[in-house]
Amino acid sequence: MTTPLEAPLELSFDYTRSLGPVLGRFMAGLAERRITGVRGSDGRVHVPPIEYDPVTYAPLSELAPVADEGAVVSWTWQATPLEGQPLDRPFAWALIRLDGADTPMLHAVDCGAPEAIGAGTRVRVRWAQQPVGHIKDIACFEPTSAPASPTPPASAATPSPTAASPAEPVEIMTTPIRLRYTHSASPEESRYLRGLAEGRLLGQRCPECDQVYIPPRGACPVDGLPTTDEVDLPDRGILTTFCVVNVPFPGQRIKPPYVTGYILLDGADIGFLHQVLECAPEEVRMGMWVEAVWKPREEWGHTLRNIDHFRPTGEPDAPYETYQRHL
Amino acid sequence: MAGLCREAIDRALADAGLDWPDIDAVVLGKAPDLFEGVMMPELMLADAIGATGKPLLRVHTAGSVGGSTGIVAASLVQAGVHDRVLAVAFEKQSESNAMWALSIPIPFQMPVGAGAGGYFAPHVRSYIRRSRAPAHIGAIVAAKDRRNGARNPYAHLKQADITVEKVQASRMLWDPIRYDETCPSSDGACAVVISAAPTSGPAAWIHATAMRTEPTTFAGRDQVNARAGAEAAQALWRDAGITDPLHQVDVAEIYVPFSWFEPMWLENLGFTPAGDGWRLTEAGETDIGGRLPVNPSGGVLSSNPIGASGLLRFAEAALQVRGRAGDHQVDGARTALGHAYGGGSQFFSLWLVGADKPGGAA
């Protein structure tokens with residue numbers, strides 16, 4: 001069994017949240033260093049505010065100011081902070097019931113050591129240096145026994161473009177999200193990728209239906225049987241069908257316009273997507289014979305990108321009947 | 001997201017003359033979480049959609065999810081598990097960028113992906129080659145659906161003045177798909193109450209539902225006329241007692257995110273023989289007033305809140321047989337199809353609703 005290949009996959013996007021009337025006013029309050037909850041049908045004050053009543057499902061709108069200090073209800077210790085957490089040194093995660101609130105909110109408490117926190121410990125908000133009407137205006141909490149962190153008066157805070165007037169509800173909040181994965185190829189795909197690193201195109205044949213798959217799947221999608229019979233495929237074939245991408249979008253790796261289509265290698269029974277160059281987009285045809293143009297060998301890795309593109313061979317097009325079953 | 005869903009739910013409950021205590025369970029559908037960047041939005045939406053203290057199920061079958069959501073809710077009622085189930089589906093595309101989310105650069109592969117349009121455009125080209133359809137068919141569909149959308153107060157795009165020529169003059173995005181032949185990015189939600197017994201107003205009776213699935217890729221896969229879609233349709237017609245869909249169905253709400261999918265799905269669903277779907281479109285038979293009006297609501301081409309789009313098709317079919325479709329009502333509609341597909345044409349969900357109770361008068 002070969003060791004599967006791995007590669008990092010990182011995704012990030014600055015998502016925008018339209019907040020609605022309740023959360024919009026909560027965020028606007030943060031810009032002025034005020035915390036507001038919402039009163040539910042049973043009189044309880046929920047902090048952070050919720051939009052719909054947990055008992056009656058009715059929309060909630062009665063905002064209730066609460067204090068920016070309160071008591072720890074329960075807690076745990078984060079000995080090794082992770083990227084993106086509120087503090088970069090060991091801290092407590094605590095459920096904190098602010099004075100005037102009936103429900104606790106979760107936040108970080110900067111108290112130095114686990115011995116410095118317990119149920120009932122009084123804590124207060126440490127505000128961001130420049131509150132802007134965003135949830136991160138609450139930087140963290142700190143014990144009230146500690147000297148207050150110096151913060152400029154709220155009026156000196158520079159309003160952010162998203163909260164031009166802090167008294168008005170904040171309408172949109174940006175929440176950047178980043179995901180980091182380690183993407184693993186299957187053992188069969190790894191063999192194929194190692195083949196690519198040597199300039200080979202390795203497929204596998206199903207023992208039942210004789211269809212040749214590239215990249216190999218490990219099992220035939222039709223018969224479910226392991227595909228162990230390896231097939232070396234040539235780096236030429238036909239373009240079955242294609243489109244011309246004219247539209248730009250965030251994260252795009254190839255500058256439009258470009259021709260992308262299904263390349264059916266000679267001897268394979270399934271096409272894969274690649275790009276066709278060295279031919280004007282309007283000259284590209286279904287059934288056109290194409291061949292691989294490899295990047296310089298020193299640039300090869302474990303990827304289909306070793307083939308820079310496919311180009312027409314100039315041979316007469318394959319008859320439609322010969323590839324129609326692959327459309 | 002919460003307010004978006006709730007607006008649809010409040011209207012559905014008011015229309016049915018029901019209140020929260022009448023609802024036994026909630027089924028929520030939406031497409032990939034990467035579209036809003038909220039993992040498992042059902043967690044934070046539970047109170048907004050009235051699920052507190054009730055069973056909540058989340059459904060996900062890519063673009064077809066709205067349809068699957070309706071079918072899961074219907075199944076709970078048909079099975080006798082619950083009397084009244086609320087089906088809700090939504091998407092809020094303005095919070096992100098679906099092109100980005102559908103073009104993730106998977107390691108080791110060629111980064112040629114270009115969103116849903118980039119995926120489907122080659123298969124549209126295959127359809128055109130296979131059927132020998134004239135080039136203007138896609139523009140006919142687009143102009144028709146956008147004009148229909150102008151009759152629907154809930155449609156995102158309302159283009160009463162659009163013409164086939166204007167569509168043909170619009171920019172080519174993913175050749176052969178033009179800008180005006182492409183669905184918009186929409187925010188929207190849809191809610192439907194499915195009940196074992198009639199509620200207020202005329203009912204839409206569910207005569208049959210069907211779902212089928214196939215792998216995204218396998219050797220010899222028909223990407224134009226997907227087998228799972230054809231088999232779902234055959235099962236639907238069989239279970240509903242339909243022997244001649246074109247004559248027995250009065251109106252169809254079909255999932256057409258790119259205009260060419262109207263003739264493709266007409267064939268896949270069995271309304272016409274393979275290769276002939278475009279003839280029905282070209283003859284104007286899919287207009288309101290034609291033999292089989294398709295997407296009188298304006299369809300996905302006029303509004304595409306992805307997760308909701310399938311349930312919107314199902315709900316619009318129900319509105320038609322209830323006679324509640326307003327300015328886009330098809331006269332005398334008594335039997336209507338709702339259709340959705342998702343993934344790389346691999347998930348299909350269908351329902352057939354009628355003004356009459358199956359097996360007898362209402």
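The largest nonpolar core in this predicted model has 195 residues. Here, a nonpolar core means a set of buried Ala, Val, Leu, Ile, Met, Phe, Trp, Tyr and Cys residues joined through C-beta atoms within 7 Å. A residue is buried if 20 or more other C-beta atoms lie within 10 Å of its own, exposed if 12 or fewer, and partly exposed in between, with C-beta atoms placed from the backbone. Among the residues with the most contacts inside the core are Val109(A), Cys5(B) and Ala87(B). Helix α13 (residues 306-322) of chain B gives the largest share, 10 residues. Domain 1 (19-178) and domain 2 (182-326) of chain A both give residues to this core, so it lies between them. The C-alpha centres of those two domains of chain A are 53 Å apart, and the domain bounds come from an automatic or database domain assignment.

A word on the ground rules: this is a predicted model, where local features need pLDDT of at least 70 and side-chain atom pairs count only at pLDDT 80 or more, while totals for chains, interfaces and linings use all residues. Residues are numbered from 1 along each chain as its sequence is written, and chains are lettered from A and ligands numbered from 1 in the order in which they are written.

Now for where the chains meet. The contact takes 48 residues from chain A and 45 residues from chain B; two residues are in contact if their C-beta atoms, placed from the backbone, lie within 7 Å. On the chain A side, β1(A) gives the most, with 7 residues. That side breaks down like this:

| Kind of residue on the chain A side | Count |
|---|---|
| Nonpolar (Ala, Val, Leu, Ile, Met, Phe, Trp, Tyr, Cys and Pro) | 29 residues |
| Polar (the others, Gly among them) | 13 residues |
| Charged (Asp, Glu, Lys and Arg) | 6 residues |

The chains also share strand pairing: 2 bridges join β14(A) to strand β4 (residues 172-175) of chain B, and the two run antiparallel. Strands pair if DSSP finds at least two bridges between them. Val245(A) stands opposite Trp174(B) in β4(B).

Finally, meet helix α1 (residues 2-16) of chain B, which has 15 residues. Helices (H or I, at least four residues) and strands (E, at least two) are DSSP runs, numbered from the N terminus. Buried residues of α1(B) include Leu4(B), Cys5(B) and Ile9(B). The buried residues of α1(B) pack against α1 (20-31) of chain A, together with α2 (41-45), β3 (84-92) and β6 (187-195) of chain B. Right after α1(B) comes Gly17(B), with a positive phi near 70°.

Notes
Expected span 1.5 Å × (residues − 1).
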